Amino acid sequence: MSTPTLSSLTHEARRLLEHQNIELPSWAFGNSGTRFKVFTTPGTPRNAYEKLEDAAQVHKFTGAAGKVSLHIPWDEVEDYSDLRRHAENLGIEIGAINSNVFQDDDYKFGSLCNPDPKIRTKAVDTHKRCIDVMSATGSTDLKIWLADGTNYPGQDSIRERQDRLAESLRRIYDALGPDQRLILEYKFFEPATYHTDVPDWGTSLLHCLDLGEKASVVLDTGHHAPGTNIEFIVAQLLRVGRLGAFDFNSRFYADDDLIVGAADPFQLFRIMNEIVAGGALDPESGVAFVLDQCHNLEAKIPGEIRSITNVQEATAKALLIDRLALAEAQRSCDVLSANAILMDAYNTDVRPLLAELRESKGLAADPMAAFLASGHLEQIVAERVGGQQASWAA
Ligand code: PSV
Ligand code: MN
Ligand code: MN
């Protein structure tokens, strides 16, 4: 494929690319690290307000990052309506509210699956508080990731824990407002090592189907065993209308939370191919595209800008696939042609096309260069002292 320009895109493909909106995690802007060390970065935000200000910079220069996920209580503030106003003044919105039921001593043996009913109620109540935060901030998504699981065979009943989970989720689900939904993330390991209570998309989907239409699965790209065909899961969940959100990131070994598209850009392209094929890029599709990353070594705002441009590149390539020719090759079982059509799109340099798209929206062609030249990094280093730690070390 010769180097494509904006006019190489169909009207619909251009519309989808222009309106692509990728949600940023507030915790990407805080200090984070590994279990060995959290390195502090000069200029790190000291509170949720400043995290939103940094997120707004990513949106200002990319035009494609208009929402921010919050994590409660990491982003605890006195007045959530005021935080919402702050976001609106910055030209962004509050996205998913992430519950935290993994940093309290009471949750040593689990939260929603804990054998003790009092602890389960405490965890349910935490989620009800998150629903209040959603109502105050205008957020529509309650995102649940649980650290629940066991380390040893026999430690607890796997089956009873599923029953407790179903009952706890039901209590949370019943507290949702009409325009709010519950999105349930899975992860096959960590911190529990023998079994986790929501290890895979099948378990998450079973609970979501049981709960009702306002429950969907969250697919975090870092939460699978090596070699897992993630695009198959995407296709399967889209088929049944239960892909609620992505947590995008990259992994080399475990749940590394590195910049999306850095470790395996081809995998990201294959995922975006299924997204485009399934019509899920449309903002009305109900699929939220969210980053779940930390920047331990690199600067945080530039790290998020690179992540957005990586997703845009994979998306543009997926939109350039000649779908009519692909369908024809697939129908006639022409294996090599079908594969070549996909690879042709993947091997296309879409950076000039995206630069053109940005300029057509009044943005700089190169968001990274424009941000670095803006002086924002120098300004926050001078103004902010004693930045906040983002998260646990995982
Ligand atoms: C822990 O694995 C985790 O990275 C999950 O992916 C959550 O989405 C995130 O933390 C925030 O709670
Ligand atoms: Mn995640
Ligand atoms: Mn994770």
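Reader: Axes are lines fitted to C-alpha atoms, for helices over the stretch in contact, and angles run from 0 to 180 degrees between N-to-C directions. With that in mind, how do helix 2 and helix 9 pack?

Author: This is a predicted model, in which local features need pLDDT of at least 70 and side-chain atom pairs count only at pLDDT 80 or more, while totals for chains, interfaces and linings use all residues. Residues are numbered from 1 along each chain as its sequence is written, with chains lettered from A and ligands numbered from 1 in the order in which they are written. Helix 2, covering residues 48–62, packs against helix 9, covering residues 300–320, at an angle of about 40 degrees and with the axes 9 Å apart; helices are DSSP runs of H or I with at least four residues, numbered from the N terminus.

Reader: Oblique or roughly parallel, then?

Author: The two helices, 2 and 9, are therefore oblique to each other, since angles under 35 degrees count as roughly parallel, over 145 as roughly antiparallel, 65 to 115 as roughly perpendicular and the rest as oblique.

Reader: And which residues of helix 2 meet helix 9?

Author: On the helix 2 side they are Asp-54, Gln-57, Val-58, Phe-61 and Thr-62, and their partners in helix 9 are Lys-300, Ile-301, Glu-304, Ile-305, Ile-308 and Thr-309, where contact requires C-beta atoms, placed from the backbone, within 7 Å. Sorted by class, this contact has five nonpolar, three polar and three charged residues.

Reader: What about helix 10 and helix 11, at what angle do they cross?

Author: Helix 10 (residues 323–331) and helix 11 (residues 335–346) cross at roughly 155 degrees, and their axes come within 8 Å, so helix 10 and helix 11 are roughly antiparallel to each other. Ala-325, Leu-326, Ala-329 and Gln-330 of helix 10 make the contact with Ser-337, Ala-338, Ile-341 and Leu-342 of helix 11. In this contact of helix 10 with helix 11 there are six nonpolar, two polar and no charged residues.

Reader: Which residues join helix 4 to helix 5?

Author: Arg-120, Ala-123, Val-124 and His-127 in helix 4 meet Arg-164, Ser-168, Arg-171 and Ile-172 in helix 5, and the residues of that contact divide into three nonpolar, two polar and three charged. Helix 4 (residues 117–137) and helix 5 (residues 158–173) pack at about 35 degrees, with axes 9 Å apart.

Reader: Switching to ligand 1, which residues come nearest?

Author: Nine residues surround ligand 1, and among them Asn-98, Trp-145, Asp-220, Asp-255 and Asp-292 come nearest. The shell around ligand 1 holds two nonpolar, one polar and six charged residues, a residue being near if its C-beta atom, placed from the backbone, lies within 6 Å.

Methods. Ala, Val, Leu, Ile, Met, Phe, Trp, Tyr, Cys and Pro count as nonpolar, Asp, Glu, Lys and Arg as charged, and the others, Gly among them, as polar. Two residues are in contact if their C-beta atoms, placed from the backbone, lie within 7 Å.
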